[in-house]
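Here are some notes to read with the model open beside you. Please take the points in order and find each residue in the structure as you go.

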Amino acid sequence: MAAILRSAAALCQRTASSAFVYSRIAVKRDLLQARFSASNHRMLSTVSKVAKPQRSVLYLPGSNLKAIAKARTLPADMIVMDLEDAVAPDAKVTARTQVLGSLAEGFKNHPVIVRANGLDTPWGVDDLKALASAKGLHAIAIPKVEYGSTLIKINEILTQSGAPADLEVWCMIETPIGIFNLQEICSTGTSDAAGKRLSALVMGTSDLTKDLRAKHTADRHPLLTSLQLTLLAARAYGLSCLDGVHLALDDAAQLQHHCRQAMEMGFDGKTLIHPKQISVANEAFQPGADEVAECQEIVAAYEAALARGAGVVVVRGRLIENLHLDNARRILQLHEAIVAREAALGPAA
């Protein structure tokens with residue numbers, strides 16, 4: 001009799017355990033469905049905000065018409081015509097006129113940014129007024145931004161000068177005060193008071209290194225805190241974030257290392273000062289073939305699990321959660337944008 005009772009008790013325990021497991025599976029299935037639905041909603045609501053590829057962003061002197069003409073044939077993702085550091089004071093006005101002329105001629109396959117002079121210079125306000133209605137302009141980069149109030153003033157000038165609402169502003173973060181005020185800069189720049197124009201933070205690592213009295217080192221340890229704080233601020237406010245320039249033109253190995261370092265941190269791309277740096281940056285900041293394949297597997301596995309009512313998704317031996325789905329979709333969107341861009345450039349690029 002005792003043996004029969006023990007068997008009955010064991011059967012009840014197994015039945016209860018099975019019911020608990022099935023209940024857990026059902027809960028996980030329902031959670032999966034809810035998460036998948038939420039992920040779809042988030043992705044659909046942010047499609048319009050997905051940035052164009054920004055792997056390689058090439059600076060060009062606004063005074064160099066030959067370099068600007070050549071840029072139209074280069075495979076850089078974006079072009080920045082510079083009116084600030086790259087132009088001598090006595091050439092500022094002429095460079096501005098040349099940049100406006102180049103914009104009017106068009107850059108068919110390149111989003112174009114112009115780096116204006118700062119508002120505290122004799123040329124900054126006139127740069128903004130002239131660029132406000134320029135054709136074919138994607139964004140205006142503002143050097144050495146340190147306070148949110150600067151972005152309110154910039155928006156006032158642009159709006160009063162007839163700038164479209166979708167003309168973006170990029171902030172150069174290149175001083176210790178700018179680093180300390182990142183939250184203020186980002187919160188103000190994405191507010192109505194600043195026209196919600198802020199779309200990117202760009203590291204000015206050369207000026208920052210100078211102000212820190214730091215050394216240019218191979219591992220960039222003196223800059224890591226500033227790089228990470230800027231990236232944190234960008235991500236907190238839904239902005240793009242670009243790494244600073246690499247000055248050693250003949251050290252391709254170090255450029256490759258810095259690009260990989262920035263990519264692993266989470267930067268979207270790197271600003272460049274020479275065309276021969278473009279291919280290194282493009283390769284470093286684009287998803288690899290295996291990464292793309294794994295992302296496709298994750299999305300397909302999630303969709304299949306949802307269709308069959310499963311509560312658990314495993315890809316390549318790893319449990320997949322909603323955060324993996326979101327990241328996979330982001331990477332696939334970037335991959336598709338890069339493929340489309342390279343197809344538009346054609347083999348000549």
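1. In which loop is arginine 220 found? Arginine 220 sits in the loop between helix H8 (205-212) and H9, and its phi is near 60 degrees, a positive value in a residue other than glycine. Most residues other than glycine have a negative phi. With a relative accessibility of 6%, arginine 220 counts as buried.

2. Before going further, please keep in mind that this is a predicted model. The average pLDDT of the protein chain is 88, and 85% of the residues score at least 70. Two stretches call for caution: pLDDT stays under 50 over residues 14-29, for which the model has six contacts beyond four places in sequence, and it also stays under 50 over residues 41-48, for which there are seven such contacts.

3. A second arginine to look at for its backbone is arginine 316, which is found in the loop between strand E9 (314-315) and E10. Its phi is near 55 degrees, again a positive value in a residue other than glycine, and at 44% relative accessibility arginine 316 counts as partly exposed.

4. Where does the largest nonpolar core draw its members from? This core holds 61 residues, of which Met81, Leu103, Ile140, Leu158 and Leu201 touch the most other members. Helix H9 (residues 224-236) gives the most to this core, with five residues. If neighbours within four places in sequence are left aside, leucine 103 is in contact with Met81, Val112, Val114, Leu131, Ala134, Lys135, Gly136 and Leu137. Apart from the largest core lies another, of 15 residues, and among them are Cys295, Val299, Ala301 and Ala328. In soluble globular proteins, nonpolar side chains tend to be buried together.

5. Helix H12 (residues 289-308) deserves its own paragraph. It has 20 residues and reaches 29 Å from its first C-alpha to its last, close to the 28 Å expected at 1.5 Å a residue. Its buried residues include Val292, Cys295, Ile298, Val299, Ala301, Tyr302 and Ala305. Just after H12 comes glycine 309, with a positive phi of about 75 degrees.

6. The count of salt bridges comes to 20. In one of them, the side chains of arginine 55 and aspartate 77 meet at 2.8 Å, N to O. Arginine 55 lies in the loop between helix H1 (2-46) and strand E1 (56-61), while aspartate 77 lies in the loop between helix H2 (65-71) and strand E2 (78-82), so the pair ties together parts that are 22 residues apart in sequence. Arginine 55 is buried, with a relative accessible area of 1%, and aspartate 77 is buried with a value of 1% as well.

7. Arginine 115 forms a salt bridge with aspartate 82, and their closest N and O atoms are 2.7 Å apart. Because arginine 115 lies in strand E3 (residues 112-115) and aspartate 82 in strand E2, the pair ties together parts that are 33 residues apart in sequence. Both arginine 115 and aspartate 82 are buried, and they belong to a network of salt bridges that links Asp82, Glu84, Asp85, Arg115, Lys144 and Asp207.

8. Finally, the side chains of glutamate 294 and arginine 318 meet in a salt bridge at 3.4 Å, N to O. This pair links distant parts of the chain, with glutamate 294 in helix H12 and arginine 318 in strand E10 (residues 318-319), 24 residues apart. Arginine 318 is partly exposed, with a relative accessible area of 38%.

Conventions:
Residues numbered from 1 in each chain as written. Predicted model: local features only at pLDDT ≥ 70, side-chain atom pairs only at ≥ 80, totals over all residues. Heavy atoms only, no water. Helix = DSSP H or I, 4+ residues; strand = E, 2+ residues; numbered from the N terminus. Expected span 1.5 Å × (residues − 1). Buried < 20%, exposed > 50% of the residue type's maximum accessible area, 1.4 Å probe, protein only. Core = buried A, V, L, I, M, F, W, Y, C linked by side-chain atoms within 4.5 Å. Contact = heavy atoms within 4.5 Å. pLDDT = per-residue confidence, 0-100. Salt bridge = Lys/Arg side-chain N within 4 Å of Asp/Glu carboxyl O.
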